[in-house]
Amino acid sequence: MSTNQTEAFVVHLYDYSETSRIIQFLTAQRGKMSCIAKGVRRKNNPWTYSLDRLNRVEIFYTWKSTREVQTLIEVSLIDSYPELKKHIKKQVLASLILETAFSMTETEQRIQKTYNQVCNAFEQISSPDIYNEFAIFLTCWHLWQILVHNGIEPQLHICVRCGKPIEKAVHFSLQGGVVCNNCKPDRTLNNDEVRCLQILQHLDNPLNFPFNHTSFLPLFETKILSFLCSFITYHLGHPLKSYNVFHELNQLKIQGFNYETKD
Ligand SMILES: [Zn+2]
């Protein structure tokens with residue numbers, strides 16, 4: 001048994017006993033990790049504030065490879081993203097990114113690139129300068145990068161079934177990308193959707209969104225986010241809970257509820 005230290009995002013918390021909680025973390029060095037936080041449910045426990053969902057923390061823990069749940073020794077807060085948590089929609093978008101990264105990661109897997117991606121995404125989305133519509137575009141861009149790190153981003157130029165080069169993408173398979181006219185698609189894409197996916201594929205820095213293309217921005221909310229979530233769901237084999245919440249929020253908005261801020 002050895003003492004280790006790492007940076008981590010708090011993904012899930014489960015009450016374990018009257019005084020303890022099991023925390024699931026996403027870490028750069030060990031991928032998914034579960035730790036028991038003893039005493040954290042006691043009144044005035046100093047860890048309670050640090051161990052909140054979506055927080056970025058530094059943790060110290062004892063590691064034993066034969067155990068599924070490690071023991072947390074100390075935790076210190078790096079960022080609780082208060083700006084993010086003030087806005088429900090931004091909070092749900094950040095959850096979606098963290099849930100996707102976590103679901104695609106194994107235990108004991110080094111995922112430095114994916115971990116950094118989540119850090120950048122959280123920083124960008126939580127900025128007060130970023131309005132909702134742009135936050136959705138940023139979410140799509142970061143989800144695309146996480147797919148790239150996992151080697152499963154949608155292929156846009158070659159038929160994923162027969163390998164034939166494709167000049168004009170119309171048909172799509174959730175299995176991996178565009179398909180030619182002779183192969184069987186799951187759905188079709190219109191020109192605007194293809195253009196949005198190409199923007200995600202080619203843009204190095206999402207803050208440099210091509211502003212001659214701002215007419216495309218609303219499409220990321222109405223089409224592309226749900227498209228990417230279907231693609232991710234297909235590859236994970238289970239739905240993304242955060243996307244369901246996002247969808248429900250949009251339904252509430254249609255019904256006239258105001259949920260935008262909660263302070
Ligand atoms: Zn084909």
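Two strands count as paired here if DSSP finds at least two bridges between them. With that in hand, the predicted model can be walked through piece by piece, starting with its barrel.

Five strands close up into a barrel in the order β1-β2-β3-β5-β4, and the pairing is mixed. From one strand to the next, the twist averages 50 degrees. The parallel part of the mix includes β3, residues 31-37, and β5, residues 69-79, which are joined by three bridges. Here Cys-35 sits opposite Gln-70 of β5.

The antiparallel side of things involves β1. Strand β1 pairs with β4 over eight bridges, in the antiparallel sense, and Asn-4 faces Tyr-61 of β4 across that pairing. With β2, strand β1 shares seven bridges, and these two strands also run antiparallel. Ala-8 has Thr-27 of β2 opposite it. Getting from β1 to β2 takes a hairpin of five residues. As for the side chains along such strands, in a regular strand they alternate between the two faces of the sheet.

Next come the helices. Helix α4, made of residues 112-126, lies across three of the strands: β1 (2-15), β2 (21-27) and β4 (56-63). Its direction makes an angle of about 55 degrees with β1. Helix α4 also has a helical partner, α3, and a pair like this calls for two numbers. Two packed helices are described by the angle between their axes and the distance between the axes. For α3 and α4, the axes come within 10 Å and cross at roughly 175 degrees. Angles over 145 degrees count as roughly antiparallel, so that is how α3 runs relative to α4. On the α3 side, the residues that meet α4 are Lys-90, Ala-94, Ile-97, Leu-98 and Ala-101. They come up against Thr-114, Val-118, Ala-121, Phe-122, Ile-125 and Ser-126 of α4. Sorted by class, this contact is made of eight nonpolar, two polar and one charged residues.

Helix α3 spans residues 88-103, and Thr-100 is found in it. Thr-100 has 0% relative accessibility, so it counts as buried, the cut-off being under 20%. What does Thr-100 touch, leaving aside neighbours within four places in sequence? The answer is Leu-143, Ile-146, Ile-232 and Leu-240.

Further along the chain there is a second sheet, and this one is open. Its three strands follow the order β7-β6-β8, with antiparallel pairing. Strands β7 (177-179) and β8 (187-188) stand at the edges with a single partner strand each, so each has one side without a neighbour in the sheet. Three bridges hold the antiparallel pairing of β6, residues 171-173, with β7. One of the bridge partners there is Gly-177 in β7, matched with Ser-173.

That leaves the cysteines. A disulfide would need two cysteine sulfur atoms within 2.5 Å, and by this rule the count is zero. Why does Cys-196 not form one with Cys-140? The sulfur in Cys-140 is the closest cysteine sulfur to that of Cys-196, but it is 8.5 Å away, which is too far for a bond. Cys-196 is buried, with 0% relative accessibility. Cys-183 is buried as well, at a relative accessible area of 17%.

Terms used:
Residues numbered from 1 in each chain as written. Predicted model: local features only at pLDDT ≥ 70, side-chain atom pairs only at ≥ 80, totals over all residues. Heavy atoms only, no water. Helix = DSSP H or I, 4+ residues; strand = E, 2+ residues; numbered from the N terminus. Axes fitted to C-alpha atoms, helices over the stretch in contact; angles between N-to-C directions. Contact = heavy atoms within 4.5 Å. Buried < 20%, exposed > 50% of the residue type's maximum accessible area, 1.4 Å probe, protein only. Parallel < 35°, antiparallel > 145°, perpendicular 65-115°, else oblique. Nonpolar A, V, L, I, M, F, W, Y, C, P; charged D, E, K, R; others polar.
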